[in-house]
Amino acid sequence: MKKQIEVVGAAIINENRQILASKRNDDRVLGTLWEFPGGKIKVGETPEEALRRELREEFNDSIKVGKVVCQPSVYDYNFGEVHLTVYFAKLITHHFNLVAHSKLKWCDQQDLLKLNWTAADLPIAKCINKMNLKEVHI
């Protein structure tokens, strides 16, 4: 049986209703691909706690976590089966000290699908692309 990897991500929205995408460092697994910032959930953590911790570790930023974006995404990579749940979120701070990413990009909703997403993140990006972001409140 493949390793099951529980991962959480943040669809961070700004005041212009743009979504933050992050590009993985070239030297990491799935390097150069775009994803929603976040990471693995540790034993004993809730998804929301994991998301706040990951954003502190990766960006040195604090976030307010909102509702789950849509159905979790499951993708079977060669290193394990990733179960990705993405939450809407709002930044409280704006340091963006990049640790695991080479680039960040604020995307208008219609531009989300122009990025080369990881296979696990792509279904979430497609889901957000079809939503009315004016109805999202965090």
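In this predicted model, the cover over the buried residues of helix H2 includes strand S1 (4-12), strand S2 (19-24), strand S6 (73-77) and strand S7 (80-91). Which residues of H2 are buried? Helix H2 spans residues 122-129, and its buried residues are Ile124, Ala125 and Ile128. Viewed down the axis of H2, these buried residues fall within an arc of 100 degrees, so they line one face of the helix.

Two of those strands turn up again when we look for open space. The largest pocket has a volume of about 470 Å³. Its lining takes at least two residues from each of S1, strand S4 (38-40), H1 and S7. In total, 23 residues line this pocket, and Val7, Arg24, Glu35, Gly39 and Lys40 lie nearest its centre.

Let us walk next to the loop between helix H1 (47-59) and strand S5 (63-68), where Asp61 has its place. Is this aspartate buried or exposed? Asp61 has a relative accessible area of 0%, so it counts as buried. Its side chain reaches the backbone nitrogen of His94 at 3.0 Å. Apart from neighbours within four places in sequence, Asp61 is in contact with Leu55, Arg56, Leu91, Thr93, His94, His95 and Phe96.

From Asp61 we can step across to Asn97: the two are 36 residues apart in sequence, while their C-alpha atoms are 8.1 Å apart in space. Asn97 sits in the loop between S7 and strand S8 (101-107). With a relative accessibility of 41%, Asn97 counts as partly exposed. Which residues does Asn97 contact, leaving aside its neighbours within four places in sequence? They are Glu58, Phe59 and Asn60. For the pair Asn97 and Phe59, the C-alpha to C-alpha distance is 4.5 Å, with their positions 38 residues apart in sequence.

Another loop, the one between S2 and strand S3 (34-35), holds Asn25. This asparagine counts as buried, at 18% relative accessibility. Not counting residues up to four places away in sequence, Asn25 touches Gly31 and Thr32, and also Val99, Ala100, His101 and Ser102.

The loop between S1 and S2 brings us to Gln18. Gln18 is buried too, with a relative accessible area of 16%. Where does its side chain make a polar contact? The partner is the side chain of Asp108, at 3.1 Å. Once neighbours within four places in sequence are set aside, the residues in contact with Gln18 are Ile12, Ile13, Trp106, Cys107 and Asp108.

That list of contacts leads us to the cysteines. How many disulfides does the structure hold? The count is 0. As a reminder, a disulfide is a covalent bond between the sulfur atoms of two cysteines. Why does Cys107 have no such bond? The closest cysteine sulfur to that of Cys107 belongs to Cys127 and is 16 Å away, which is too far for a bond; the cut-off used for a disulfide is 2.5 Å. Cys107 is itself buried, with a relative accessible area of 1%. Cys70 also counts as buried, at 17% relative accessibility, since the limit for that term is under 20%.

Note on methods: Residues are numbered from 1 along each chain as its sequence is written. This is a predicted model: local features need pLDDT of at least 70, side-chain atom pairs count only at pLDDT 80 or more; totals for chains, interfaces and linings use all residues. Side-chain values use heavy atoms; hydrogens and water are left out. Buried means under 20% relative accessible area, exposed over 50%, partly exposed in between (1.4 Å probe, protein chains only). Helices (H or I, at least four residues) and strands (E, at least two) are DSSP runs, numbered from the N terminus. The arc is that of the directions from the helix axis to the C-beta atoms. Contact means heavy atoms within 4.5 Å. A polar contact is a pair of N or O atoms within 3.5 Å; within protein, one must be able to donate a hydrogen and the other to accept it, and residues adjacent in sequence count only if both atoms are side-chain atoms. On a 1 Å grid over the protein atoms alone, a cavity is a set of points where a 1.4 Å probe fits but cannot get out, and a pocket is an open set with protein on both sides within 12 Å along at least five of seven lines; lining residues have an atom within 4 Å of a point. Grid points are joined across faces, edges and corners, and a volume is the space filled by probe spheres set on the points.
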